[in-house]
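Open the model in your viewer and switch to a cartoon view. We will go through it one selection at a time.

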There are 2 protein chains.
Amino acid sequence: MNAAITPADVEAAARRIAGVAHRTPVMTCATLDELAGRRLFFKCENFQKVGAFKFRGACNAVSQLSDEDASRGVVTHSSGNHAQALALAAKMRGVPAFIVMPETASPVKRAAVEGYGAEVILCRPTLEARETTAAEVQQRTGATFIHPYDHPQIIAGQGTATLELVEQTRELGTELDAVIAPVGGGGLLSGTCIAASGLASPLRVFAAEPLGADDAARSFAAGELIPQTGPNTIADGLLTSLGELTWPIIRDHVEQIVTVSDEQIVAAMRLLWERAKLLIEPSSAVVLAAVLDERFREVDGVESLGLILSGGNVSLDRLPF
Amino acid sequence: MNAAITPADVEAAARRIAGVAHRTPVMTCATLDELAGRRLFFKCENFQKVGAFKFRGACNAVSQLSDEDASRGVVTHSSGNHAQALALAAKMRGVPAFIVMPETASPVKRAAVEGYGAEVILCRPTLEARETTAAEVQQRTGATFIHPYDHPQIIAGQGTATLELVEQTRELGTELDAVIAPVGGGGLLSGTCIAASGLASPLRVFAAEPLGADDAARSFAAGELIPQTGPNTIADGLLTSLGELTWPIIRDHVEQIVTVSDEQIVAAMRLLWERAKLLIEPSSAVVLAAVLDERFREVDGVESLGLILSGGNVSLDRLPF
């Protein structure tokens with residue numbers, strides 16, 4: 001399956017979502033450059049539609065359905081950004097979306113998904129219940145299941161952020177040496193890998209992961225996929241395990257995975273808010289936390305670094321500072 | 001003095017600060033468009049250097065000093081964004097900055113100004129003490145006094161945001177019908193007026209002001225300059241009175257000044273944070289609050305509106321929500 005996703009797929013996804021997804025801005029901040037000892041270029045997916053990069057993949061997947069398949073709708077299980085992204089992508093194509101959410105999901109998130117016109121189906125808050133319920137909905141409706149990350153079109157769509165980042169940084173007069181992305185299920189990171197590998201001058205790829213959900217770092221060290229159990233981190237977008245599709249791509253392309261504590265994540269989040277005025281969620285702050293970590297400081301040859309800020313969906317009533 | 005500031009001055013300022021000040025992004029948000037019933041284009045000066053538009057004017061003024069004048073430095077009195085802006089502009093030219101601040105100013109703001117290498121001189125927290133102290137510093141050092149807003153080069157510099165806004169909105173395929181800016185001392189608003197009046201298709205200009213510091217609206221209604229006394233609003237960047245230079249420009253160019261309550265300002269601030277992911281200070285939220293107000297809804301012929309978000313310097317420890 002790995003070989004099935006190529007840089008050409010990412011380029012095709014970029015053409016497909018152009019003018020539909022936002023071409024989000026790339027921002028710089030002199031203060032953060034000084035702190036990191038490198039030039040940092042932030043790809044601001046917090047300004048993407050639905051407030052997260054997830055819209056890229058959802059849009060790419062929904063747009064490739066046949067009219068007949070599309071008419072029966074799409075289904076997924078997610079309590080986070082993928083739920084909103086798929087709901088909006090379906091709404092824009094004018095087809096139904098069925099979103100399976102755990103009954104413990106916040107009313108705000110549920111309302112957001114319903115606000116995009118999707119039908120929410122509640123289930124018990126276990127992975128098994130989510131998968132069973134999604135399968136039932138799929139059978140009942142004939143909707144197409146769109147996995148949040150372990151799906152070739154989702155991965156290709158997420159990779160488009162890196163293509164834009166490279167182009168936009170070049171417009172600013174700089175060639176990137178490397179890119180760093182956060183890793184949860186690995187959709188964004190594996191898409192980043194494929195996009196980076198297809199460039200005329202391939203980028204080095206780094207990953208940032210919370211210590212409290214470090215299955216990617218442990219898998220990387222062991223050389224085999226180790227699922228995440230009992231994740232515990234403020235970076236609530238990065239709780240999931242790597243998938244069968246995303247893991248081998250990450251294993252083969254990523255140079256280093258830097259793990260960071262929640263304390264580092266909150267400190268980095270505050271820096272991004274206060275100094276760069278970038279309203280991002282904890283899962284996005286993980287990349288800056290990694291870049292400021294001692295282990296990343298030892299990395300040589302990376303003068304210009306792209307950082308993918310994955311999203312900005314954070315509850316203002318429960319800020320960690 | 002009014003006739004002395006022309007659109008050509010704003011264009012010259014734009015050339016002068018190009019590559020020094022940031023060309024801040026223009027952002028859009030479909031949700032806010034729906035709420036406003038118009039297409040909104042946000043000029044994001046929260047991403048400007050020092051986190052506010054004030055850097056434009058300071059940079060324009062400092063760069064026009066002769067080498068001899070510059071060597072003796074610049075002086076101003078301000079506890080806000082102008083203090084940081086002037087300090088950074090002086091630092092970038094390699095000349096001294098003397099900033100008179102009230103002894104009640106927050107340690108964070110003082111540290112920020114000192115962080116840019118400026119010398120801070122504390123005084124009692126009255127306008128008289130600030131002016132007297134600044135005059136003393138000026139006499140002692142030979143530094144040039146740069147007023148926060150009632151200064152031709154400051155006004156011309158602030159107008160550059162509007163020139164960029166118009167160009168960037170055109171790059172997005174839209175011609176603006178009007179622009180709205182917040183009004184405190186009137187430097188940004190009067191610069192906006194002059195920039196807007198010099199365009200091939202002049203823009204209509206609106207202003208937004210907090211009810212708790214509504215000297216501009218009262219002056220506008222009375223047809224004469226009425227100073228602000230005892231301001232009381234969360235929009236702490238808009239407490240000052242209009243100046244001798246800014247008032248006649250505003251009187252002659254602004255179509256309407258919409259006043260809004262602090263409650264409206266906080267609600268608009270939350271919308272910008274939550275829906276647009278724009279981390280802006282209360283003084284910036286005033287423009288969106290005005291646009292969502294019933295009185296602005298009655299304005300005809302404004303399909304595409306530019307909103308100048310003045311800055312993003314807000315204390316994360318004292319958020320109003």
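**Helix 1 of chain B**

Start with A8(B) and R15(B): both are exposed, on the other side of helix 1 of chain B from its buried residues. Keep in mind that this is a predicted model.

Now select the buried residues of that helix, which spans residues 7-17. They are D9(B), V10(B), A13(B), A14(B), R16(B) and I17(B). Look down the axis: these residues cover an arc of only 165°, which puts them on the same side of helix 1 of chain B. In general, an α-helix has 3.6 residues a turn, so residues three or four places apart point the same way.

What do the buried residues of helix 1 of chain B pack against? Show helix 3 (54-63), helix 8 (152-171) and helix 9 (187-197) of chain B to see their partners.

Next, pick G19(B). This residue sits just after helix 1 of chain B and takes a positive phi of about 80°.

**The sheet of chain A**

Move to chain A and show its strands. Six of them form an open sheet, in the order 1-2-10-7-8-9, with mixed pairing. Strand 1 (26-27) and strand 9 (256-260) of chain A stand at the edges; each has a single partner strand, so one side of each is left without a neighbour in the sheet.

Zoom in on strand 1 of chain A. Two bridges join it to strand 2 (residues 39-44) of chain A, and the two run antiparallel. Select V26(A): opposite stands K43(A), in strand 2 of chain A.

Last stop: helix 13 (residues 282-292) of chain A. This helix lies across strands 2, 7, 8, 9 and 10 of chain A. Against strand 7 (178-182) of chain A, helix 13 runs at about 135°.

Terms used
Residues numbered from 1 in each chain as written. Chains lettered and ligands numbered in written order. Predicted model: local features only at pLDDT ≥ 70, side-chain atom pairs only at ≥ 80, totals over all residues. Pairing = 2+ DSSP bridges. Helix = DSSP H or I, 4+ residues; strand = E, 2+ residues; numbered from the N terminus. Contact = placed C-beta atoms within 7 Å. Axes fitted to C-alpha atoms, helices over the stretch in contact; angles between N-to-C directions. Buried ≥ 20, exposed ≤ 12 C-beta atoms within 10 Å, placed from the backbone. Arc of directions from axis to C-beta.
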